[in-house]
Amino acid sequence: MDTILVIDDDDQLRKSFCKLLQKEGYEILSAASGEAGIDIVKTNPNPLDLVIIDMRLPGISGMETFQRIQEIDPKLPVIIVTAYGTTQIAIEATKLGAFDYVLKPFEVPEM
């Protein structure tokens, strides 16, 4: 089973998104901050298949979270999501190796 880590500080959105992905057959891990997400990447006994990170997080930003995750596992696909997107952020995220960059709100089937 594919395992996806969702990092988003919006509890309701994170829980809803996790529930939808579980219905699709994925094993879901979640974190409400970048630091907690990084800890999961470091300590999870099974390899992750995808990380979805919100850009605005408490503590360290989504971009910094992404960069730290890339240091731990450079091949781990990461999708950045945000409601506050700019072209510059999208370019920066993809240059750093993000798999994709998605603006909120998004259609779940598209995701």
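This report describes the strands of the structure, how they pair, and the helices that accompany them. The model is predicted, and every value below is computed from it.

**Strands β1 and β4**

Strand β1 spans residues 3–7, and because five of its five residues are buried, β1 is largely enclosed by the rest of the structure. In a regular strand the side chains alternate between the two faces of the sheet. Along β1, Thr3, Leu5 and Ile7 point one way while Ile4 and Val6 point the other way, and all of these residues are buried. From β1 the chain crosses through helix α1 (residues 11–23) to β2, and this β-α-β crossover is right-handed.

Strand β4, made of residues 78–82, likewise has five of its five residues buried, so β4 is largely enclosed by the rest of the structure. Val78, Ile80 and Thr82 point one way from β4, whereas Ile79 and Val81 point the other way, and all are buried.

**How the strands pair**

The table lists the parallel pairings together with one pair of facing residues for each.

| Strands | Sense | Bridges | Residues opposite each other |
|---|---|---|---|
| β1 and β2 (residues 27–31) | parallel | five | Thr3 and Glu27 |
| β1 and β3 | parallel | four | Ile7 and Ile53 |
| β3 (residues 50–54) and β4 | parallel | four | Asp54 and Val81 |

Strand β1 thus pairs with β2 and also with β3, while β3 pairs in turn with β4. A right-handed β-α-β unit is formed by β3, helix α3 (residues 62–72) and β4.

**Helix α2**

Which residues of α2 are buried? They are Gly34, Gly37, Ile38, Ile40 and Val41. Seen down the axis of α2, these buried residues fall within an arc of 155 degrees, and they therefore line one face of the helix. An α-helix has 3.6 residues a turn, so residues three or four places apart point the same way. The buried residues of α2 pack against β1, β2 and α3, which places this helix in contact with two strands and another helix.

The face of α2 turned away from its buried side carries the exposed residues Lys42 and Thr43. Lys42, which lies in α2 (residues 34–43), has a relative accessibility of 56% and therefore counts as exposed, the cut-off for exposed being over 50%. Although Lys42 and Asp73 are 31 residues apart in sequence, their C-alpha atoms are 9.0 Å apart in space.

Definitions and conventions: Residues are numbered from 1 along each chain as its sequence is written. This is a predicted model: local features need pLDDT of at least 70, side-chain atom pairs count only at pLDDT 80 or more; totals for chains, interfaces and linings use all residues. Side-chain values use heavy atoms; hydrogens and water are left out. Buried means under 20% relative accessible area, exposed over 50%, partly exposed in between (1.4 Å probe, protein chains only). Two strands pair if DSSP finds at least two bridges between them. A crossover is right-handed if, with the strands pointing away from the viewer, the path from the first strand over the helix to the second runs clockwise. The arc is that of the directions from the helix axis to the C-beta atoms. Contact means heavy atoms within 4.5 Å.
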